[in-house]
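Q: Please take a close look at one part of this model, the interface between its two chains. What does each side supply, and how are the copies related?

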2 protein chains.
Amino acid sequence: MRVLGVDPGLTRCGVGVVEGVAGRPLTMLGVGVVRTPADADIGTRLVGIERGLEEWLDRYAPELVAVERVFSQHNVRTVMGTAQASAVAMLCASRRGIPVALHTPSEVKAAVTGSGRADKAQVGAMVTRLLRLSAPPKPADAADALALAICHIWRAPAQNRLQQAVAQHAQHAAKGRTS
Amino acid sequence: MRVLGVDPGLTRCGVGVVEGVAGRPLTMLGVGVVRTPADADIGTRLVGIERGLEEWLDRYAPELVAVERVFSQHNVRTVMGTAQASAVAMLCASRRGIPVALHTPSEVKAAVTGSGRADKAQVGAMVTRLLRLSAPPKPADAADALALAICHIWRAPAQNRLQQAVAQHAQHAAKGRTS
């Protein structure tokens, strides 16, 4: 499974491509940041993010795009820009028919470090170890994008098992009602 | 001046096209709503909004797109969807090189009713009168989109005068320092 992780932001939008399956060593295919100038108007910045993400989708053809789920409870000053950049990421993926998955920051931290409250350095250290890199990816947004992709690959089987369990339970319940 | 007003939303995105200049009767060219199903995933909904807005931009070729400025202080449950829909509107306009203007809800209400705290009915009534319509546009999102366009047309000259005054003041100040 090949996943493009996107840590959305207007100034720095982290992107990272990871390939692999749960329980096997993962491979990083690419990592980087799409930047837009802080003094440009918002529309121009969103166009810049769209162009940057399109290049990543063209180059790596991911099967799924994992985007950080944005909460409005966060820092009020930056949350709108984050929500807008995440909208562009979801739009670019969906326009190509690529499924989008959303993961919260604490889900991502818990997936790669074991703790939903891990700090940036801890996430960077685990991403480095899990992808067998020589140094933590910089800036932190790039490392966070890789962590998102890893989180999705590792959570996907659990989510599938959960969905199967729910479906089986529903079948059993339905049988119970009709028998 | 021809302005497309956009009242952003995922379920109902209001759109309205108004033509005219400040101080002269205005003309409505079109009004409507781009809808996306509440049970579709977010990426699919954003693609639906993009397609809908592209049709409006194709048909009316506005010189400017006026979008409601979203604040994160508003209703936490709906604000993320509003921010994401507004991102798509700004992206579609900027991609075509069409300038984007943002106006707050209270600026819009004040422009068309004289009060920044006017209710939906009052805004609808004034939009109906100012555009010489036979009935208020429904739903309210459509009326709000027209109000946004009207607000922009009426505020644009004032903004230009303000910019000129600031520029002249800066010139005078510079002369004062050098004499």
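A: The interface is described below, beginning with the symmetry.

This is a predicted model, in which local features need pLDDT of at least 70 and side-chain atom pairs count only at pLDDT 80 or more, while totals for chains, interfaces and linings use all residues. Residues are numbered from 1 along each chain as its sequence is written, chains are lettered from A in the order in which they are written, and side-chain values use heavy atoms, without hydrogens and water.

Chain B is superposed on chain A by a rotation of 180 degrees with 0.0 Å of shift along the axis, at an RMSD of 0.0 Å (least squares on the C-alpha atoms of residues with pLDDT of at least 70 in both copies). The two copies are therefore related as by a two-fold rotation axis. Within chain B, B:Gln84 has the C-alpha nearest this axis, 2.6 Å away. Both copies use the same surface, since 100% of the contact residues of chain B recur in chain A.

Chain B gives 23 residues to the contact and chain A gives 23 residues (contact means heavy atoms within 4.5 Å). Between them the chains bury about 1,800 Å², 75% of it on carbon and sulfur atoms (accessible area, 1.4 Å probe, lost on being put together and summed over both parts).

Across the interface there are 2 salt bridges (a side-chain nitrogen of Lys or Arg within 4 Å of a carboxyl oxygen of Asp or Glu). B:Arg95 forms a salt bridge with A:Glu50, their closest N and O atoms lying 2.5 Å apart. On the side of chain B that touches chain A, helix 1 (42–60) and helix 2 (76–95) of chain B each supply at least two residues (helices are DSSP runs of H or I, at least four residues, numbered from the N terminus). Helix 2 of chain B provides the largest share of that side, 12 residues.

Technical notes: Buried area = accessible area lost by both parts, 1.4 Å probe.
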